[in-house]
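Modeller: The model and its sequence are shown below. Please choose one part for a close look.

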Amino acid sequence: MPDVVSLGDLCVAAIEAAEGGEAVEAFAQESRSREAEARKGEIEGLSSAQSRGVGIRLISDGGRLGYAYAADPTADEVRRAVAQARDNAALASSDAFNVLPDPAPVPDMPDLYRSSQAEMPIDRLVALALDLEQRTTSIDPRVSKVEVCQAGDSVSRVALASTAGVDAAYERTDTWCVAVTLAEEGDDVQTGYSYRIGRELDELGWHEVAFEAVTRAARMLGAQKPPSARVPVVMDPFAASAFLGVLSSALSAESVQKGRSLFADRLGDQIGSEIVTIVDDGTLLEGPAAAPFDDEGVASGRTALIENGRLAAFLHNTYTARRGDTTSTGNASRAGYRSSPGVGTSNFYLEAGPADPEELLLRAEGGVLVQEVTGVHSGANPISGTFSVGATGLRIREGGLEEGLREMTIASTIPEMLAGVTAVGNDLRFFSSVGTPSILIGEMTVGGV
């Protein structure tokens, strides 16, 4: 991959192409990703992809915004992209809230990048994928097949500069492995899933991935549809993270300002249990979305969105902050250099509590451990907060897990769910940029027979 200075030079070319009175921002990005997939003791798929480009945001008089990008560009192509953004701005409507952020110091985060991982030969990925599959299919005789068994990594770099004076860059490495297992007993087939992320392969703990994926599949063999009831519900991190992902859109200032959030006009209200604190923190190195600055150059930071159950803040980029007469929380987010920044999360998570997961089970006698939910994004409404989703899990008895339960339906509202949290586990875990520990909800409606 080209050196980060090459991205910096492309940004300089863009800034130098600005004309009088224009505000110009250049967002340059490059990445390389690799993935190996194993099946039946062989590598079934091996892929590698690279991407490099520059996005240009240009704001002319009256706040007219134009955007253009160039893939794998030369300096001249970047200058042409600036001219294209200028032409696009001339056709746009005036908007006084379109501004570029002022420069400010950003945290130094050298641990995001591991040179040993960036230089690692692809043979290591291949070996890990094969080892993961072999281990996954040797733990339990009922689990002899995998649906997915992958290991992957990426190296990425970002450089950003603007006529406002922003000039920043960083680089990072990311690795991951995932296993989806198939447990079989007679005609009964169940799946199990596990996933780990890190900065380098040695951090992944792939043996734990194999064991967890096998356990989650095997314990669901023989699962039955339960009777409908209102019972205590423990959601493990896999299940809880799905709901937290829906909640993130309701806490975006962009959604609030467009009237698409159930929390609009509720800032300062008590909206959940006092033991619920939900945070967005781009400086948390343990989180996969850590970065020194957001996608328009604003320094990353920690924002408590729901603090002890009280709605304390929304996520902002520079545009929504100016429109809301406040300051950016460092949550400008892009899908890549091809898009202008919207509002998104960094490391978005429910803070861990003091309870061991075993304690949550003891407090949920007769209830259900939910280990997987389906249809959250289609079955949950971020505007009204209502949801009805499918779920699988296990019955809780005397602090242990008993028979598997399938074809369940969980129905409630996001506010009722937040208010019903009676305990939070100490097992915080990240899935993509969303993290959550296990949670105990005092009572929920579980639909079955």
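Colleague: I should like to begin with the pairing of E9: how many bridges join E9 to strand E10 (residues 310-311), and in which sense do the two strands run?

Modeller: This is a predicted model, in which local features need pLDDT of at least 70 and side-chain atom pairs count only at pLDDT 80 or more, while totals for chains, interfaces and linings use all residues. Residues are numbered from 1 along each chain as its sequence is written, and side-chain values use heavy atoms, with hydrogens and water left out.

E9 and E10 run antiparallel and are joined by two bridges. Strands (E, at least two residues) and helices (H or I, at least four) are DSSP runs numbered from the N terminus, and two strands pair if DSSP finds at least two bridges between them. Within this pairing, isoleucine 306 faces leucine 311 in E10. The hairpin of E9 and E10 has two residues between its strands, and asparagine 308 there takes a positive phi near 50°.

E9 (residues 302-307) also runs antiparallel to strand E8 (residues 278-281), to which four bridges join it. Here aspartate 280 is opposite threonine 303 in E9.

These strands belong to an open sheet of six, ordered E10-E9-E8-E13-E19-E18, with mixed pairing. E10 and strand E18 (429-431) are at the edges with a single partner strand each, so one side of each has no neighbour in the sheet. At the E18 end, three bridges pair E18 with strand E19 (residues 434-436) in the antiparallel sense, and phenylalanine 430 stands opposite glycine 435 in E19.

From the sheet we may turn to helix H6 (237-250). The expected span of a helix is 1.5 Å times one less than its number of residues; the 14 residues of H6 should therefore span 20 Å, and its end C-alpha atoms are indeed 20 Å apart. Because 11 of these 14 residues are buried, H6 is largely enclosed by the rest of the structure. Buried means under 20% relative accessible area, with a 1.4 Å probe and protein chains only. Among the buried residues of H6 are Phe238, Phe243, Leu244, Val246 and Leu247.

H6 also borders empty space. On a 1 Å grid over the protein atoms alone, a cavity is a set of points where a 1.4 Å probe fits but cannot get out, a pocket is an open set with protein on both sides within 12 Å along at least five of seven lines, and lining residues have an atom within 4 Å of a point. Grid points are joined across faces, edges and corners, and a volume is the space filled by probe spheres set on the points.

The structure holds one cavity of 30 Å³ or more. The largest cavity has a volume of about 170 Å³, and of its 13 lining residues the closest to the centre are Phe243, Leu244, Met417, Leu418 and Ile439. H6 gives the most to this lining, with four residues, and helix H11 (414-419) supplies at least two. The lining of the largest cavity comprises 12 nonpolar residues, one polar and no charged, where Ala, Val, Leu, Ile, Met, Phe, Trp, Tyr, Cys and Pro count as nonpolar, Asp, Glu, Lys and Arg as charged, and the others, Gly among them, as polar.

The second largest pocket has a volume of about 400 Å³. Among its 18 lining residues, Glu212, Arg216, Arg219, Asp236 and Pro357 are the closest to its centre. H6, helix H5 (206-218) and helix H9 (357-362) each give two or more residues to that lining, which divides into nine nonpolar, two polar and seven charged.

How values were computed. Buried < 20%, exposed > 50% of the residue type's maximum accessible area, 1.4 Å probe, protein only.
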